[in-house]
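Colleague: Could you take me closely through one helix of this model and what surrounds that part of the chain? I would like a connected account that I can follow with the structure open.

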Amino acid sequence: MTVRPIVIAGDPRLTSPATPVTTFDNELVAFVDDLFDTNTAANGAGLAANQIGDARAVFVYDLVDGSVRHRGYVVNPILETSEIPETMPDPDDDLEGCLSVPGEWYPTGRAQWSRVTGVDVSGRPVVVEATGYLARCLQHEADHLAGRLYLERLIGRNQRAARRMIKAREWIRPGRTWLPDRSASS
């Protein structure tokens, strides 16, 4: 098990689009395992490769929506969604956080439905279709691989609050990371 440092907002690796995976081998299998281990140690719902400084187009997810656990990964994901609302998100129902923006949560507008198509570590097709929390997670992780943090989706006062937070925390320079507690993943 390898828990890797998570890149914090302000690092250009988070705003660069991912590179499609072309090599499907044991190293990719081990890498996906590292993503799961890091996500678990960080108590995350999902984690994209660029959040640990790797440019490959891969993300994992592991969350409970209602009483159902959803766990999986997608290599080279392509996202489809229903319409994304343009109104102010609900401050209670639409809260979203990010392991690359540790400790912060903001209401974020997301589509109610999403589908991600891609492949697994052997190159076999994968399709994940969802509503609710899993749909939000799929959109969030796909955004990461497109080089977009959820903070860019914020509007109005939430956007202003996030900008003040970034400035106050001095998350404007590259290379900042945090290491999740390894004991949390045991």
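Modeller: What follows starts from helix H2 and then moves to its surroundings, the pockets and two further parts of the chain. Please keep in mind that this is a predicted model.

Helix H2 covers residues 132–145, and its 14 residues reach 21 Å from the first C-alpha to the last, which is close to the 20 Å expected at 1.5 Å a residue. The helix is mostly covered, since twelve of its 14 residues are buried. The buried set runs through Leu134, Ala135, Arg136, Cys137, Leu138, Gln139, His140, Glu141, Ala142, Asp143, His144 and Leu145. These buried residues pack against strand E2 (46–48), strand E3 (58–65), strand E4 (68–81), strand E5 (95–98), E7 and strand E8 (125–131). Just after the helix comes Gly147, which takes a positive phi of about 85°.

A residue to look at beside H2 is Arg110, placed in the loop between strand E6 (101–107) and strand E7 (113–119). Is Arg110 buried or exposed? Its relative accessible area is 5%, and because the cut-off for buried is under 20%, Arg110 counts as buried. Its side chain is joined to that of Asp143 by a polar contact of 2.8 Å, and Asp143 is itself one of the buried residues of H2. Leaving out residues up to four places away in sequence, Arg110 also touches Arg136, Gln139 and His140, and beyond these Ile84, Pro85, Glu96, Tyr150 and Arg153.

H2 also takes part in the largest pocket, whose volume is about 340 Å³. Of the 22 residues that line this pocket, the closest to its centre are Ala45, Gly97, Cys98, Leu99 and Trp105. E5, E6 and H2 each supply at least two residues of the lining, which divides into eleven nonpolar, seven polar and four charged residues. The second largest pocket has a volume of about 190 Å³, and the residues lining it are Thr15, Leu149, Leu151, Glu152, Gln159, Ala162, Arg163 and Ile166. That lining consists of four nonpolar, two polar and two charged residues.

The other helix to consider is H1 (residues 26–41), whose end C-alpha atoms are 22 Å apart, in agreement with the 22 Å that its 16 residues should span at 1.5 Å a residue. At its N-terminal end H1 is capped by Asp25, a side-chain oxygen of which lies 3.2 Å from the backbone nitrogen of Glu27. Its buried residues include Leu28, Phe31, Val32, Leu35 and Phe36, and also Asp34, Asp37 and Asn39. Strand E1 (6–7), E2, E3 and E4 are among the elements that cover the buried residues of H1, and E2, E3 and E4 also pack against the buried residues of H2. H1 is followed by Asn43, whose phi is positive, near 60°.

Finally, to return to a strand that packs against H2, Val126 is found in strand E8. Val126 has a relative accessibility of 17% and therefore counts as buried. Apart from neighbours within four places in sequence, Val126 is in contact with Tyr73, Val74, Val116, Thr117, Gly118, Val119 and Asp120. The C-alpha atom of Val126 is separated by 41 Å from that of Ala168, a residue 42 places away along the chain.

Definitions and conventions. Residues are numbered from 1 along each chain as its sequence is written. This is a predicted model: local features need pLDDT of at least 70, side-chain atom pairs count only at pLDDT 80 or more; totals for chains, interfaces and linings use all residues. Side-chain values use heavy atoms; hydrogens and water are left out. Helices (H or I, at least four residues) and strands (E, at least two) are DSSP runs, numbered from the N terminus. Buried means under 20% relative accessible area, exposed over 50%, partly exposed in between (1.4 Å probe, protein chains only). A polar contact is a pair of N or O atoms within 3.5 Å; within protein, one must be able to donate a hydrogen and the other to accept it, and residues adjacent in sequence count only if both atoms are side-chain atoms. Contact means heavy atoms within 4.5 Å. The expected span of a helix is 1.5 Å times one less than its number of residues. On a 1 Å grid over the protein atoms alone, a cavity is a set of points where a 1.4 Å probe fits but cannot get out, and a pocket is an open set with protein on both sides within 12 Å along at least five of seven lines; lining residues have an atom within 4 Å of a point. Grid points are joined across faces, edges and corners, and a volume is the space filled by probe spheres set on the points. Ala, Val, Leu, Ile, Met, Phe, Trp, Tyr, Cys and Pro count as nonpolar, Asp, Glu, Lys and Arg as charged, and the others, Gly among them, as polar.
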